[in-house]
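Colleague: I'd like to learn how to read pockets and metal sites off a structure. Could you walk me through one?

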Amino acid sequence: MSDTEAENFDVVIRDGQLIDGTGGPARALDVAISGERIAAIAAPADSGHWWGKLEIDASDRVLAPGFIDVHTHDDNAVLRDPAMAAKISQGVTTVVVGNCGISLAPITDIDPPPPLNLLGGREYFQFATMAAYLAAVTDTRPSVNVAALVGHSTLRAGAMDDLKRGATGDEIAAMREKLAASLDAGAIGLSTGLYYKTAAAADMEEVIALAEILSDRGGIYTTHMRDEANHIIDSLTETQTTAQRANVPVVVSHHKCSQPANWGRSPETLAFIEEARKTTTMGLDAYPYAAGSTVLDPDWVHDRIRIMITKSEPHPEASGRDIADIAKDWGCSLKEAAVKLSPAGAIYFQMDEADVQRILAYPPTMIGSDGLPHDEHPHPRLWGTFPRVLGHYSRDEGLFDLETAVHKMTGLSAQTFGLKDRGVVREGAFADLVVFNPATVKDLATFEKPLQQSAGIDYVLVNGTMSLMLGNLCPDRAGQVVRNH
Ligand code: ZN
Ligand code: CU
């Protein structure tokens, strides 16, 4: 032992391989935490004088920044189920809520039309302002940090009597006012879901009029585009034009080439994005599965792809079954079955694995789960996304190295969304950390059995608080509202 004086910390994590989230190589480094922040980083030879109230042995393990789930619909889940087991158990320490145009605030007194009902029923839409929602998150103190987007469809539902048309000048003015107030209260940006019937009638000018508000407030624009199928290049063009004219950074949500007719088109879409990135701040996220999930809409049902029911209000027993089997049992068409099952949710097996891999491997692509926490039989991405990227795609398929996998779910995400002092392991950053076993990390949730905790995630700390220990949830929760400006 050297004669250096002992240094005391709250937590010391020793003998792990540190992957710091920047994309740089793993290194043998120990990390010390005081309070909410990382206090020191040193080689094992130089940390012998450290003393932690809690000492974690990370030998044969990787220590990384806690994962940032940039695409979630956890707005209500963080309040109703603040333990957030599905996320903490994957190593996720921050969730971005309010994606796809759908946010729980600011709106009250509404029978949420699909897809707003992905967040729950009327009783949960109780927040007239974003300030009230964020205060509720702070009071509830979920296990994960929360960064909130304002949903365009939520703004429309609050300002308009009929969502099947474009907004008038007065309605746009009302939405701009609510958006500005939401950003001032701490929201990080605006999301749209132009694909959905609650927003499809909005033209680009309506979206630009809103996105402009983000520009001088440092907000970000994320979009579930108008079309991810035959007209995907038109939608990418619209997305780029919107971002340029509003002068804001944009994220293409859950990028995919949807429907069999468009399988194999990812070289074309990624080339578009690569070119757009020369003049526009454009990012993208993706989840590591060849199936998507959202509400069930009879207009989207056809026999060219498999469709599985995740929940049905009138027929809860249908959860987990294929609509083709249900229609056969009922002796009716797929569309008739969809009408009978609605309101409902579904998994659409609409992508090509080669496209999924090409999009995941594209360097600017971030990881976002798009998990739907209120489904009875959810898409397995809810419980499996991050371990699946680390285990299946990085280790087993060799799609990219582990440092790249971690970067796509930490440093790249924090940088893109402007989340200060998150997503990297360095002195002074928040102590959002995960310790995992690179040899065993693996998603166990499947389409048949989706509610399975992943393997190989050992410890998770959120703002310095132990939140998962040896794979078990801890009682203390330390999530905060995270802002970007
Ligand atoms: Zn979406
Ligand atoms: Cu989504």
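Modeller: Let's start with the lining of the largest pocket, keeping in mind that this is a predicted model. Rolling a probe the size of a water molecule over the atoms shows where empty space is left. Here 29 residues line the largest pocket, and Y195, E228, S258, Q259 and Q350 lie nearest its centre. Its volume comes to about 440 Å³.

Colleague: What is the lining of the largest pocket like: how many nonpolar, polar and charged residues?

Modeller: Eleven are nonpolar, twelve polar and six charged. Strand β17 (residues 292-295) gives the most to that lining, with three residues.

Colleague: Where does the largest pocket lie relative to domain 2 and domain 3?

Modeller: Check who supplies the lining. Domain 2 (66-291 + 350-418) and domain 3 (292-348) both give residues to it, so the pocket lies between them.

Colleague: Now the metals. Which protein donors does the zinc ion (ligand 1) have?

Modeller: They are C100 (SG), H224 (ND1) and H254 (NE2), at 2.0 to 2.2 Å from the ion. Along the chain, the spacing reads C-x123-H-x29-H. C100 and H224 link distant parts of the chain, 124 residues apart: C100 is in the loop between β9 (92-97) and β10 (107-108), while H224 is in strand β14 (residues 220-224).

Colleague: Which two ions does C100 bridge?

Modeller: C100 bridges the zinc ion (ligand 1) and the copper ion (ligand 2), which are 3.3 Å apart.

Colleague: And are C100 and H224 buried or exposed?

Modeller: Buried means under 20% relative accessible area. C100 has 1%, so it is buried, and H224, with 5%, is buried too.

Note on methods:
Residues are numbered from 1 along each chain as its sequence is written. Chains are lettered from A and ligands numbered from 1 in the order in which they are written. This is a predicted model: local features need pLDDT of at least 70, side-chain atom pairs count only at pLDDT 80 or more; totals for chains, interfaces and linings use all residues. Side-chain values use heavy atoms; hydrogens and water are left out. On a 1 Å grid over the protein atoms alone, a cavity is a set of points where a 1.4 Å probe fits but cannot get out, and a pocket is an open set with protein on both sides within 12 Å along at least five of seven lines; lining residues have an atom within 4 Å of a point. Grid points are joined across faces, edges and corners, and a volume is the space filled by probe spheres set on the points. Helices (H or I, at least four residues) and strands (E, at least two) are DSSP runs, numbered from the N terminus. Ala, Val, Leu, Ile, Met, Phe, Trp, Tyr, Cys and Pro count as nonpolar, Asp, Glu, Lys and Arg as charged, and the others, Gly among them, as polar. Domain bounds come from an automatic or database domain assignment. Donors are N, O and S atoms within 2.8 Å of the metal (3.2 Å for Na, K and Ca); water is not among the atoms, so sites may look incomplete. Buried means under 20% relative accessible area, exposed over 50%, partly exposed in between (1.4 Å probe, protein chains only).
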